[in-house]
Amino acid sequence: MANKGVFNLLGSIRFLPYFLTQAFGAFNDNLFKQGILLLFAYKLSEEESATLVNVAAGLFILPFFLFSPLAGQLADKFEKGKLIRIIKLVEIALMSLAAFAFITESKVLLLFLLFMMGVQSAAFGPVKYSILPQHLKHEELLAGNALVEMGTFLAILFGTILAGVLFSREGGVNLIAGGIIVCAIAGYVASRSISQADSVNPQLRINWNPITETMGTVRDVKGNRAVFLSVMAISWFWFLGASYLTQFNLFTKEYLLGNPAVATGLLTLFSIGVAAGSLLCSKLSDGKVELGLVPIGSLGLTLFGAHLYFATPAVNALELRTFGEFLADPSGYGVLLDLLFIGLFGGFYIVPLYALIQERSEEKKRAQVIALNNVMNAIFMVFSAAFAIVFLTLIGLSIPEYFLVLAIMNAVVAVYIFKQVPEFALRFCIWLLGHTMYRVTHRGLSNIPEEGPVVLVCNHVSYVDAMLIGGAVRRPVRFVMDKGIYEMPGLHWFFKLARTIPITSEKRDPDTYHRAFEAISEALENGEVICIFPEGRLTKTGDIDAFRKGIELIIQRNPVPVTPMALRGLWGSFFSHKDGMALAKLPRRFWSKVELVADASWEPEKVRSDALEEKVKALRGEWA
């Protein structure tokens, strides 16, 4: 998928109808909401307008608290394609009533329908994300999420802009009324081509109490720490996003001295950044859910969020500037770049997290987990409003100072999450190595079982073999390696983070030897992937040394499949034995193209160390 390009999915009947359905939905939500806000702003008094705008914001978000838990259960219990079509038919009915409310300028009916559209959006959220793993292959999942995030942010942007364009024209309210009906119908038409996605839990008993259902899901998800903290990390992103977007208009007016067109231009740049970051994230992930990009995204959010404080220019103008006048002033370029990169790194941050939740949540409860995520998103967005009131009103910070506080808080949150789930930092190190000093290509990794215990055996060429294999294999891998390498300064922290199992000869250190086999057995009993280097040491000649009997002892105790693998291209590279670790003595090859191949898994009864040795030699020779 990574080689063919992310946009190839848009040509697939498995994805395109779904993509169009969700994009029309996001577009229509924002055309409708912005139309209401504009109607209230320009048709009512200033005092009444301010009150109703805040009421409208609350009415749209309230259903996510009340109905997301129920929506998650329905998405797990019923066939998702049919459920989407029902939701889209409801949208047509609601938008038909909304068109009447716009034409008659009925404030009460518009607010009621805004609440009902919140209910409809809350119902669509869990099925929107939980259907992806059923329609896409593993290697397509991150690309699919990237396209969804791109489509969502661009649809939000264009829906908001179109509402302003239509409203400014003669008969604009009527144009918006017609537009929301057309969009609702278009979404339903697209949904009719969505492929079937069977129920994953037809026996599920519905819990109608949103509080007990939410708390029950929290208890379930907490057992999977990576998923739970990913939910919290996504909610933090929406906290940040809501904080920035809420202050856009006032920041533009008070600190950039720009008119509403400037605010729209900044919003456009931010949205384009998220869309670009989502697509770039997919390209850099090589067809897998690459968690190593999450720390990069978090770092970018912190750096460019903090720089926004320093980039805010001191502007002297007698009246508000147009977008053209703003662009003519170079002092504002820093703000433009900061907002673009905040959006771009936001895409890096959020796309892998959504994909991780879809991939690692229990299938029968996947939609319920996504529903919990929607509830948490809503809570964090409400907190963002309260947080802004405290810092901007009570403490008296300026908006640029508030942006700096957000950037510092993001750094603190990131450190906490990455400390709690070391896999994020681990994958970051692996990704960085695999995209700087080494470039890894691979073949046959689909031979590794997608679930259940398995032992990988591979030749041992360099000190970074484990990092390169771990970066290529989709599943988390625990490595068994020589204690001397495990304790090497500079790499020990990484191996410890990766839960590597140190081993040595029984004669040299019997305690370490026996602890290693106990740890290997426990990991395999838990269904984990173990990788060993049966040579027992790095090659000193570039050739594969004799395989020791450890693999046979492992399989005798835990009869699990064994997947032979081979590395090629590392001999003579910076971290190979030949050139050592000395920086003063530059190696023969600082940049290396590494090739990794995996053969079909062997059944336990076929496993012999000498046979595996010959197979790994043959696999390495295939690359020659």
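**Helix pair α20 and α21.** I began with the packing of helix α20 (residues 510–525) against helix α21 (residues 550–557) in this predicted model. I found an angle of about 50 degrees between them, with their axes 10 Å apart. I therefore recorded α20 as oblique to α21, since the angle falls outside the ranges for roughly parallel, roughly antiparallel and roughly perpendicular. I noted the crossing of α20 and α21 as right-handed.

I then looked up the residues that meet. From α20 these are Y513, F517, E518, I520, S521 and L524, and from α21 they are G550, L553, I554 and R557. I sorted the residues of this contact into six nonpolar, two polar and two charged.

**Nonpolar cores.** I turned next to the largest nonpolar core, which has 96 residues. The residues with the most contacts inside it are F15, L147, Y349, Y402, F403 and F424. I followed F424 further: leaving aside residues up to four places away in sequence, F424 touches S230, L291, G292, V294, P295, L353, I417 and F418. Apart from the largest core I found another, of 42 residues, including V529, C531, L567 and L596.

**Positive phi values.** I recalled that most residues other than glycine have a negative phi. I therefore asked where E105, with a phi near 55 degrees, lies. E105 is in the loop between α3 (80–104) and α4 (107–130), and E105 is partly exposed, with a relative accessible area of 37%.

I also entered L257, whose phi is positive, near 50 degrees. L257 is found in the loop between α9 (225–255) and α10 (260–284). Is L257 buried or exposed? L257 has a relative accessible area of 18% and is therefore buried, the cut-off being under 20%.

Note on methods. Residues are numbered from 1 along each chain as its sequence is written. This is a predicted model: local features need pLDDT of at least 70, side-chain atom pairs count only at pLDDT 80 or more; totals for chains, interfaces and linings use all residues. Side-chain values use heavy atoms; hydrogens and water are left out. A nonpolar core is a set of buried Ala, Val, Leu, Ile, Met, Phe, Trp, Tyr and Cys residues joined through side-chain atoms within 4.5 Å. Buried means under 20% relative accessible area, exposed over 50%, partly exposed in between (1.4 Å probe, protein chains only). Contact means heavy atoms within 4.5 Å. Helices (H or I, at least four residues) and strands (E, at least two) are DSSP runs, numbered from the N terminus. Axes are lines fitted to C-alpha atoms, for helices over the stretch in contact, and angles run from 0 to 180 degrees between N-to-C directions. Angles under 35 degrees count as roughly parallel, over 145 as roughly antiparallel, 65 to 115 as roughly perpendicular and the rest as oblique. A crossing is left-handed if the near helix is turned anticlockwise from the far one by less than a right angle, and right-handed if clockwise. Ala, Val, Leu, Ile, Met, Phe, Trp, Tyr, Cys and Pro count as nonpolar, Asp, Glu, Lys and Arg as charged, and the others, Gly among them, as polar.
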